[in-house]
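Please read the following account with the model open beside you. It moves from the pockets to the core and ends with one helix.

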Amino acid sequence: MSQQATEVTHRLVSSPAGRIHVVEQGTGPLVLLVHGFPESWYSWRHQLPALAAAGYRAAAIDVRGYGRSSKPGARDAYRMLELVEDNVAVVHALGEESAVVIGHDWGSAIAADSALVEPDVFRAVGMLSVPYAPHGGPQPGKVFAQLGGDEEFYVSYFQQPGRAEAEIEPDVRGWLAGFYAALSADTMPAPDAPGPHFVSRGGSLRDRFPTGRLPGWLSEKDLDVYTGEFERTGMSGALNRYRNMDRDWEDLADFDGAPLTQPSLFIGGGLDASTTWMADAIRAFPATLPGLVSSRILDGCGHWIQQERPAEVNRLLTDWLASLPA
């Protein structure tokens with residue numbers, strides 16, 4: 001591996017958000033990496049060197065509201081179309097006209113919508129953990145409000161300004177450790193335990209998090225990195241993504257039912273609720289992802305797949321990237 005491939009560089013580039021923090025490694029075709037909640041560019045720490053070694057220019061961003069990127073004050077500044085514009089701005093700021101975009105969790109949806117809205121810029125799309133489902137259907141807020149019966153679905157909980165912040169910010173480190181553990185294969189609650197995606201009336205999301213040990217993929221040092229970022233930025237910028245889902249439903253109405261036609265990839269965890277709850281979306285891939293190259297479910301894997309199974313995910317990503325047209 002060349003010295004050039006092993007060097008990691010940090011930069012701030014201009015975007016509609018103000019600035020976006022980009023961490024780069026390698027040279028070659030640009031691959032833009034977009035993280036989810038509650039994460040940062042650091043979630044791609046295992047992929048950056050692997051993609052660089054395979055001959056790509058890997059660029060992991062802090063999504064607006066996270067890390068060293070700008071944190072606009074207006075809640076509607078976190079709507080999906082704004083995040084798509086940030087991604088376009090990053091590609092152009094790096095001197096490129098197009099890129100492959102890969103996302104995890106919320107980043108998967110951001111990557112998919114970037115490819116949907118800006119197909120001339122994003123020539124291929126990889127989605128981790130959260131499968132593509134075309135826009136349309138009932139208003140999201142109404143759907144989430146009906147889930148859970150006497151309990152409250154976590155998305156509805158996150159959508160209420162200030163409520164989750166009041167739970168998380170007094171103990172960011174403890175909350176993050178519990179949230180990561182709740183969705184990790186080796187520490188998640190047993191199948192017959194109360195689900196960590198729901199909140200009891202009058203309770204908090206944290207009430208159902210496992211305690212006592214970190215998941216195997218998360219060291220104390222890794223947790224230090226995530227904790228430090230959110231203690232500095234607060235949680236509102238990250239949570240505002242959830243608070244714009246109904247705006248996105250309106251903004252993207254012109255794309256209702258639209259398939260993603262670029263070459264695509266999906267990788268999910270077999271123990272991840274995102275995979276099991278959205279099994280119908282995965283079965284619909286022949287119609288919704290006509291350019292699908294590969295769809296893989298990693299048995300025994302939880303939600304944080306590129307950190308839980310870095311070697312396997314790196315192999316799948318590099319094999320897929322090598323299959324794409326130059």
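Helices here are DSSP runs of H or I with at least four residues, numbered from the N terminus. The model is a predicted one, and by that numbering helix H12 gives the most to the lining of the second largest pocket, with 3 residues. This pocket holds about 340 Å³ of space, and of the 18 residues that line it, Met188, Pro189, Pro191, Pro196 and Leu271 are the closest to its centre. By class, its lining is made up of 12 nonpolar, 5 polar and 1 charged residues.

The largest pocket has a volume of about 1300 Å³, and among the 46 residues that line it, those closest to its centre are Val130, Ala133, Phe144, Met245 and Met278. Helix H4 gives the most to this lining, with 5 residues, while H5, H6, H11, H12 and H13 are among the helices that each supply at least two. The lining of the largest pocket divides into 32 nonpolar, 7 polar and 7 charged residues.

Turning to the interior, the largest nonpolar core contains 96 residues, of which Phe37 and Phe158 touch the most other members; the largest share of this core, 7 residues, comes from helix H8 (residues 172-182). Beyond its neighbours within four places in sequence, Phe158 is in contact with Phe37, Ala164, Trp175, Leu205, Leu239, Tyr242 and Arg243.

Helix H16 (residues 310-323) has 14 residues, and because each should add 1.5 Å, a span of 20 Å is expected, which agrees with the 20 Å between its end C-alpha atoms. In H16, the buried residues include Val313, Leu316, Leu317, Trp320 and Leu321, as well as Asn314 and Thr318.

Definitions and conventions
Residues numbered from 1 in each chain as written. Predicted model: local features only at pLDDT ≥ 70, side-chain atom pairs only at ≥ 80, totals over all residues. Heavy atoms only, no water. Core = buried A, V, L, I, M, F, W, Y, C linked by side-chain atoms within 4.5 Å. Buried < 20%, exposed > 50% of the residue type's maximum accessible area, 1.4 Å probe, protein only. Contact = heavy atoms within 4.5 Å. Expected span 1.5 Å × (residues − 1). 1 Å grid on protein atoms, 1.4 Å probe; cavity = no way out; pocket = protein on both sides within 12 Å on 5 of 7 lines; lining within 4 Å. Points joined across faces, edges and corners; volume = space filled by probe spheres on them. Nonpolar A, V, L, I, M, F, W, Y, C, P; charged D, E, K, R; others polar.
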